[in-house]
Amino acid sequence: MLLPALLLVIGILVPFVQGVARSFTNEKSYVQNSAFVGFDNYLALFTNSTFLVGLGATILYVVLVLSIQIPLALAIALLLEKTSMMRRLGRNFIVLPLLIPPIVAGLMWKTMMQPSAGVLNYLLNIIGLPGSSWLTNPETSLVSIVVIDTWAFTSFSALILLAGLQALPESLREAATVDGAGWGQTFRYISLPWLAPYIVLVALFRVADSLKQFDLIWPVTRGGPINSTRLLHVQGYEEAFRFSSPAMGMAIIFVLWLIIYMASFLLLRLWRRTINAVE
Amino acid sequence: MRNILPKIGFSIAFAGLAIFILFPIFWILLMSLKDYADVIAYPPKFFFTPTLENYKDVLFGGASGGESGSGEFREYLVNSFMVSGGAVGLSLLVGIPAAFALSRDRVKGADHLAFTFLSFRFAPELAVIIPLYAIFQQLRLYDSYLGLILSHQLITIPLVIWIVRTFLADVPLELEEAAQLDGCGPWGVLLRVIAPVIRPGIASAAILAFIFSWNNLLMGLVLSGPNTRPVTVGILQAIGFDQVRWGWMAAAAMIAAVPGMIIAVYLQRHLIRGLTMGVGK
């Protein structure tokens, strides 16, 4: 019964391993022959300023995504849990961003974020706030993508945390209230520890997905302006398919894969630990 | 007074959330119904005479002409349906028996294998797509439905296996044992007894897998060509070097988002299980 699925696993792993092997060559799409060059591509990466800037931008992106989206998702979950009316209504529209193609989300926001004619600056001006140059300025472009990411994926985190809150036994909270705990204390000592494994789970998915973010960037900024949004997944694509160097592209992607693998490994371990702590 | 203030606060927060989530969708919908002059008007127009010209342009070609103005988007829709439908079909065929075999520790190292499938969900897609590009060129699978369906397994198979597996975990053991006593082999147990019970699980796995396959951009960007281009890649054609055809793009984006939006309404209950691959249920 497992055999066909195993074949598929092999079908996925073989290209991957072959690709990693190719990252140790000097293969170019426009040259017939290629030779083994050892770690040259990897050594070249770490002296390449575009790669290093991209690596920094990727890590900054993940940090921004986590530090904005997890508190926000928690707030949304707590809000939606308040009344069943909000929960029913909220759940209905909150899932929308998750099910439309990310590329559509990206282009939607690109439209709204146009500095001179976009509706976002127009609305900000109406309520008395200054506009921004958003995606067109290297200083604000990465944060702008984070804003789009927040629109597109915070619902995911909020829904999981909401499910976590709903799984919290009512008796625990009631006991705390009887003991005279206020809302803040109940949250601090009952809800938050209960939610810990859910928060780690959310972090696991969001870290992996933001480390490999591509869909929200490629259609929107193509990595610019001036490398400000050239995250590693975008760089891997460009090296392999625009600059015809699949070897270099695979080297970048392998480094990215290692980072994701280590991060998810650590978060999975933390997840198991938090689950044991709750039980 | 004490009870009213927080309530007002919650309502305002809820309204803010609704505006944040819904306004971009509302805005692109408006834009898709505007003619060119209304699209570029400043200040942005909220009231205007709506037109279906952009949709006509996208689906049947029109005044704007050019490569993407000739109604090729209909072909992209067909391509996306073929690839996502095929990918989900194959994943169900392969994934349901695999999920069954991987449940209840029937196989040694089942957890290990299940996590291998889950790890595909976290890996950067290019790790497989870059090598596949060269392999597909050699095998003549580049720009073919079969090639795309096979490559989309990277997305759909982990989803199907993990979602179905969590539903299988909820099936009472007695049900299986009774079937075994009646002389069913593993296939008989799965097909006659288990499959009907977990039908909702299979349905939600199939629907979510379809959406994620439909929404995917990278596979199409690299592995599809003029014969198999999906809608996600087709939308990119609105962005030219010198200008963006906003109205066309908005209409195409609305059309591309239709399957997801329809399903959002239907799939409330099983969505969370699906989105986290059943890890957090």
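**Entry 1: burial, starting with a helix of chain B**

I count a residue as buried if 20 or more other C-beta atoms lie within 10 Å of its own. This is a predicted model, and I kept that in mind for each look-up. With that cut-off in hand I went to α10(B), where 13 of the 17 residues are buried, so the helix is largely enclosed by the rest of the structure. Helix α10 covers residues 199-215 of chain B. From first C-alpha to last it reaches 24 Å, close to the 24 Å expected at 1.5 Å a residue.

**Entry 2: the two chains**

Next I listed the secondary structure. Chain A has 12 helices and zero strands, and chain B has 14 helices and zero strands. Reading chain B along its sequence, I simply wrote down α-α-α-α-α-α-α-α-α-α-α-α-α-α.

For chain A, I noted that the C-alpha trace spans about 75 × 55 × 35 Å along its principal axes. Of its 279 residues, 47% count as buried. For chain B the figure is 49% of 281 residues.

I also checked how far apart in sequence the contacting residues are. Taking contacts in chain A with a separation of 6 or more, 70% are between residues 24 or more positions apart. The corresponding share in chain B is 74%.

**Entry 3: where A meets B**

How many residues of each chain are in contact with the other? I found 64 residues of chain A in contact with 64 residues of chain B. On the chain A side, helix α1 (residues 3-22) gives the largest share, with 10 residues. I sorted that side by residue type and got 51 nonpolar, eight polar and five charged.

**Entry 4: the nonpolar core**

I then looked for the largest nonpolar core, and it has 165 residues. Those with the most contacts inside it are Leu161(A), Ile129(B), Ile161(B), Val164(B), Ala252(B) and Ala253(B). Domain 1 (4-53) and domain 2 (73-275) of chain B each supply at least three residues to this core.

I picked Ile129(B) for a closer look. Leaving out residues up to four places away in sequence, Ile129(B) touches Ser151(B), Leu218(B), Met219(B), Val222(B) and Leu223(B).

**Entry 5: a bent helix in chain A**

Helix α8 of chain A, residues 141-167, was next on my list. Its 27 residues reach 39 Å from first C-alpha to last, close to the 39 Å expected at 1.5 Å a residue. Where does α8(A) bend? I place the bend at Phe153(A), at about 45°. The helix is mostly covered, with 20 of its 27 residues buried.

**Entry 6: helix α1 of chain B**

I turned to helix α1 of chain B, which has 29 residues (4-32). At 1.5 Å a residue this helix should span 42 Å, and its end C-alpha atoms are 41 Å apart, so the two values agree. Even so, I marked a kink of about 40° at Leu22(B), shortly before the proline Pro24(B).

Which residues of α1(B) are buried? My list is Leu17(B), Ile21(B), Pro24(B), Ile25(B), Trp27(B), Ile28(B), Met31(B) and Ser32(B). So the proline that follows the kink is itself among the buried residues.

**Entry 7: two domains in chain B**

Chain B is divided into domain 1 (4-53) and domain 2 (73-275). Taken over C-alpha atoms, their centres are 33 Å apart. The contact between them takes seven residues from domain 1 and six residues from domain 2.

On the domain 1 side, the elements giving two or more residues are α1 and α2 (36-40) of chain B. The largest share, four residues, comes from α1(B). By type, I recorded that side as five nonpolar, one polar and one charged.

**Entry 8: Pro50(B)**

My last stop was Pro50(B), in the loop between α2 and α3 (53-60) of chain B. Is Pro50(B) buried, exposed or partly exposed? A residue counts as exposed with 12 or fewer neighbours and as buried with 20 or more. Pro50(B) has 13 C-beta neighbours inside 10 Å, so I put it down as partly exposed. I also checked Pro50(B) against Tyr266(B), 216 residues away along the chain, and their C-alpha atoms are separated by 29 Å.

Definitions and conventions:
Residues numbered from 1 in each chain as written. Chains lettered and ligands numbered in written order. Predicted model: local features only at pLDDT ≥ 70, side-chain atom pairs only at ≥ 80, totals over all residues. Contact = placed C-beta atoms within 7 Å. Nonpolar A, V, L, I, M, F, W, Y, C, P; charged D, E, K, R; others polar. Core = buried A, V, L, I, M, F, W, Y, C linked by C-beta atoms within 7 Å. Domains from an automatic or database assignment. Expected span 1.5 Å × (residues − 1). Bend = angle between axes of the 7 residues up to and from the residue.
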